[in-house]
Structures are given as C-alpha cells and as structure tokens.
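Thank you all for making time for this. I would like to walk through one structure with you, going from the whole chain down to single residues, and I would ask you to keep the picture in view while I talk.

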Amino acid sequence: MAVYHRGGVKGRLLAGILLCGFALAACGGPASGGGNESAADALNRGLAAHAAGKLDEAVAAYFTTLAKDPKNQFAYYNLGEITQRGNRLVAAEAYYRLALEQDPKMESALFNLAIVRTNVGVAADAVVLYKQVIAVNPNNAAAHFNLGLLYRQLGQTADAQTEFATAQRLDPKLVAPSPSASPKPQASPTPTR
C-alpha cells in the first residue's frame, strides 16, 4: 500500500541536507575527490548525483561517505530512499533503521520507514512510526493523513476522522478520501531528479 507524498517538504529537506553537507565540507577538508575526499565531500557528491538521477553514482558516493563516517545518518537515509524507490523494501528498512540509530528523531526516516512497514503489511508498526513522526513534528500534515488512512484500514473510524481533520487543518489541500479510496503514491523527501 502506498501513501501520501509531501511535495513541499522535499525542497526544504533537500536544502537542509545540502546546507548540512556544505557546512561539513567547509570544516572537513578538500573539495576534490580521491583519497583526500572528506566524508562531507563524498556526501555532497552523492547528493548531486542523486538529484541528477545518477543513482549508481549516488550509491557509490554514499558508501564512500560511510567508509569515512560510519555514523552518517544522511548517507544511510539516502541509501534507504534509493532502495525504497527500487522496491527493495527489506534493504530500505535496514538503511532507515541505521539512520534512526544515529538520530532517533530523524523525521524523514521515521516517515519513510512507516511507509515501508505499511507496504509490507505491518500496519500496527506503521501506526507507531507515524505517531513518532507526529511527536517530532506535530505539524506534519502527511503523517496525520497517512495515520488516518491506517486507522480507517484498521476500522478505527473515529480516530481516522480526527487525523484527517488535523491533516486538512494543517494543509487544506488534503481532503479525507472516500472510504473506498486508496492512498496516494509516495515519493520520498530526498534529492530527486
């Protein structure tokens, strides 16, 4: 089962990740590749390739990042996003969990892990994860919307209506779907084409 995509968040998260990467690069060493490339430089190279749709190059750069900085949550997260788009859900889940080991409140990793758990049929896990997203950011309309969809699927219609109302209050474009509607496809809030 796919879920709602938060289009406006994509640009903000990409900008935040890029700013973080550039700030690290400014402190971390030379901007050129090769043996002297810093983890931040490798991450920036990966983000650029990821944004350009050169996923093989992005994956290689993210692995270089992790070789130099094994706790880089952004490299793990972006590997999760790439594997999720490739429908390799077991790998995506593993990468998101590694990102969350570094930062348990990484909103985008929690959100996408909830999507993965929904897609593999474990709605109860997804409910818990969306609640964690909302605890980190109570104004995440997409999390409220997707939680409403899960509550509806689980037969908890009152809770579903509450979540749909919250989602619509936060983002008026979000309207509770008819009971027979299925969730909208998701695209992750990381660098994309």
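Reading along the sequence, you meet the pattern α-α-α-α-α-α-α-α-α, and the count for the secondary structure is accordingly nine helices and zero strands. I should say at once that this is a predicted model, so please hear every value that follows as computed from that model. The protein chain has 193 residues, of which 48% are buried. If we take the contacts in the chain with a separation of 6 or more, 54% of them join residues that are 24 or more positions apart.

Let me turn to the interior. As a general background, nonpolar side chains in soluble globular proteins tend to be buried together. Here the largest nonpolar core holds 45 residues, and those that touch the most other members are Tyr62, Tyr96, Met106, Ala109, Phe111 and Tyr130. The elements that contribute two or more residues to this core run from α2 (39–51), α3 (55–68) and α4 (73–85), through α5 (89–102), α6 (107–119) and α7 (123–136), to α8 (141–153) and α9 (157–170). Which of these gives the most to the core? It is α8, with eight residues.

One of the core residues I named, methionine 106, deserves a second look: once its neighbours within four places in sequence are set aside, methionine 106 is in contact with Gln73, Phe74, Tyr77, Ala99 and Leu100.

Now to the way the helices pack, where the general description of two packed helices uses the angle between their axes and the distance between the axes. I will take three pairs in sequence order, beginning with α4 and α5, whose axes come within 8 Å and cross at roughly 160 degrees. Since an angle over 145 degrees counts as roughly antiparallel, α4 and α5 are therefore roughly antiparallel to each other, and their crossing is left-handed. On the α4 side the residues that meet α5 are Gln73, Tyr76, Tyr77, Leu79, Gly80, Glu81, Thr83 and Gln84, and on the α5 side they are Leu89, Ala91, Ala92, Tyr95, Tyr96, Leu98, Ala99 and Gln102. By class, this contact divides into 10 nonpolar, five polar and one charged.

In the loop between α4 and α5 you will find asparagine 87, which is exposed, with a relative accessible area of 58%. Its phi is near 60 degrees, a positive value in a residue other than glycine.

The second pair is α5 with α6, which pack at an angle of about 150 degrees with their axes 9 Å apart, and which are therefore roughly antiparallel to each other. This crossing, too, is left-handed. From α5 the contact uses Leu89, Ala92, Glu93, Tyr96, Arg97, Ala99 and Leu100, while α6 brings Ala109, Leu110, Asn112, Leu113, Val116, Arg117 and Asn119. The residues of this contact comprise nine nonpolar, two polar and three charged.

For the third pair, α8 and α9, the axes come within 8 Å and cross at roughly 160 degrees, and that makes α8 roughly antiparallel to α9. The crossing of α8 and α9 is left-handed. The residues in contact include Phe145, Leu147 and Gly148 from α8, and Ala160, Phe164 and Ala167 from α9. In this contact there are nine nonpolar, four polar and three charged residues.

I would like to finish with two single residues. Is alanine 160, in terms of accessibility, buried or exposed? With a relative accessibility of 1%, alanine 160 counts as buried, and its place is in helix α9. Apart from its neighbours within four places in sequence, alanine 160 is in contact with Gly148, Tyr151 and Arg152. Between alanine 160 and alanine 176, which lie 16 residues apart in sequence, the C-alpha to C-alpha distance is 9.1 Å.

The other residue is leucine 66, which lies in helix α3 and is buried, with a relative accessible area of 10%. Leaving out its neighbours within four places, leucine 66 is in contact with Asn72, Ala75, Tyr76 and Leu79. Its C-alpha atom is separated by 8.0 Å from that of tyrosine 76, 10 residues away along the chain.

Note on methods. Residues numbered from 1 in each chain as written. Predicted model: local features only at pLDDT ≥ 70, side-chain atom pairs only at ≥ 80, totals over all residues. Heavy atoms only, no water. Core = buried A, V, L, I, M, F, W, Y, C linked by side-chain atoms within 4.5 Å. Buried < 20%, exposed > 50% of the residue type's maximum accessible area, 1.4 Å probe, protein only. Helix = DSSP H or I, 4+ residues; strand = E, 2+ residues; numbered from the N terminus. Contact = heavy atoms within 4.5 Å. Axes fitted to C-alpha atoms, helices over the stretch in contact; angles between N-to-C directions. Parallel < 35°, antiparallel > 145°, perpendicular 65-115°, else oblique. Left-handed = near helix turned anticlockwise from the far one by under 90°. Nonpolar A, V, L, I, M, F, W, Y, C, P; charged D, E, K, R; others polar.
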